[in-house]
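Open the model in your viewer and keep the sequence panel beside it. This tour says what to select next and what is there.

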Amino acid sequence: MQAIPSTPADTRQADAAHLWQLLRKMLLIRRFEEKCAELYAKEKIRGFLHLYIGEEAVAVGVMEALSDEDNILSTYREHGHALARGLATRALMAEMYGKVDGCCRGRGGSMHLFDSKRRFFGGNAIVAGHLGMSVGMALAAKKRKLPQITCCFFGDGAAAEGEFHEAMNLAALWQVPLLFVCENNLYAMGTAIRYSHAVSDLTAKGPAYGIPTSRVDGMDVLAVEREAKMAVRKIRDTGGPYFLVCETYRFRAHSMFDAELYRSREEVQEWKKRDPIMLLEEVIGNLGIPAEAGLKQLEEELDRDIRDAVAFAEGSPWEPVEELTRFLYAHPY
């Protein structure tokens, strides 16, 4: 998406504004998660913490293709999806702390972020467990004749589960408006894809069910956005499912408890050369726009936003003990 000399100035400016918006969203995810890692080390955030650092281009690029009315389902590595969807940093940070002002009143934590107003339905901790749910949501939209797509994010580990094949089969059989987005980061926890898939080319799996399928460079936010928009158009035109495989890589360990003994430092450093944020900054530079001042201002803005979110979480109360049985269908005996 580099500038062409004959491109009108207003078009170049519109492109630049869009690129800055994409960069802001990716940087917000990166800085939010870096702060979460810091707070986890200080035991402000407890439990499990799975960071999305390195994969920001997938969440941001795909969300650009979806409408506010579409449904989103995600994995337990969902902070990036939630932020890209527009969930408030304050509510997310308070949820990470387990505080009552969190998006789930502190009951979900890192792995169960949820916001029905944004049509963001988790944060699902069971690998591949939400794939069947996504088929059900898409089927409901079809039966109700709603112009609504369901988008389901999952990893290469989930693609080795039986639920994946059941979901693909039913989505194709019932022709439901469902976008399957596989974030192939090459490792299911610590298991390399070559050890968990007899056919490691994941794009071979969609055609087996008659589902249109494509692959995209998941480190390039512009490529992800283009491919996702094409997939969404296809779904809206046909009413049927689409399978998008995003080839990406997480720069951090599987979780904060992971010793990361299954891959070399050299491999990680090689992938970091294709940092999606760095790649987009290069594109912005190629537009001929002085980026240094803009980046400094953006970093300062995000720093204020995240510091505000932390202060909000620190000041949020814990849920009162007497409310622990609230929202249960039946009172425990």
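The stops below go from the whole chain to single strands, rings and one residue.

This is a predicted model, in which local features need pLDDT of at least 70 and side-chain atom pairs count only at pLDDT 80 or more, while totals for chains, interfaces and linings use all residues. Residues are numbered from 1 along each chain as its sequence is written, and side-chain values use heavy atoms, with hydrogens and water left out.

**Whole chain**

Show the protein chain as a cartoon. It has eleven helices and eight strands; these are DSSP runs, numbered from the N terminus (helices are H or I, at least four residues; strands are E, at least two). The radius of gyration is 20 Å, close to the 20 Å from the globule rule for 333 residues, so the chain is as compact as a globular protein of that length. This radius is taken over C-alpha atoms, and the rule is 2.2 Å times the number of residues to the power 0.38. Along the principal axes, the C-alpha atoms fill a box of roughly 75 × 50 × 45 Å. Of the 333 residues, 48% count as buried (buried is under 20% relative accessible area, exposed over 50%, partly exposed in between; 1.4 Å probe, protein chains only).

**Strand β4**

Select residues 178-184, which are strand β4. Is this strand enclosed or exposed? Seven of its seven residues are buried, so β4 is largely enclosed by the rest of the structure. On one side lie Leu 178, Phe 180, Cys 182 and Asn 184, and on the other Leu 179, Val 181 and Glu 183.

Add β3, residues 150-155. β3 and β4 run parallel and are joined by six bridges (two strands pair if DSSP finds at least two bridges between them). Gly 155 has Glu 183 of β4 as its bridge partner. Next add β8, residues 242-247. β8 also pairs with β4 in the parallel sense, over six bridges, and here Glu 183 stands opposite Cys 246.

Now show helix α6, residues 162-174: with β3 and β4 it makes a right-handed β-α-β unit. Right-handed means that, with the strands pointing away from the viewer, the path from the first strand over the helix to the second runs clockwise.

**Rings**

The whole structure holds nine aromatic pairs. Rings of Phe, Tyr and Trp (its six-membered ring) pair if their centres lie within 6.5 Å; planes under 30 degrees apart are stacked, over 60 edge-to-face, and the rest tilted. Show the side chains of Phe 154 and Phe 180, an edge-to-face pair with 6.3 Å between centres and 80° between planes. Phe 154 is in β3 and Phe 180 in β4, so the pair ties together parts 26 residues apart in sequence. Phe 154 has 0% relative accessibility, and Phe 180 likewise has 0%. Add Phe 164 and Phe 243 to see the cluster that ring pairs form with these two.

Move to Tyr 249 and Trp 271. Their centres are 4.8 Å apart and their planes at 5°, so this pair is stacked. Tyr 249 is buried at 0%, whereas Trp 271 is partly exposed at 23%.

**Met 168**

Finish in helix α6, where Met 168 is found. Met 168 is buried, at 0% relative accessibility. Beyond its neighbours within four places in sequence, its contacts (heavy atoms within 4.5 Å) include Phe 180, Tyr 209 and Phe 243.
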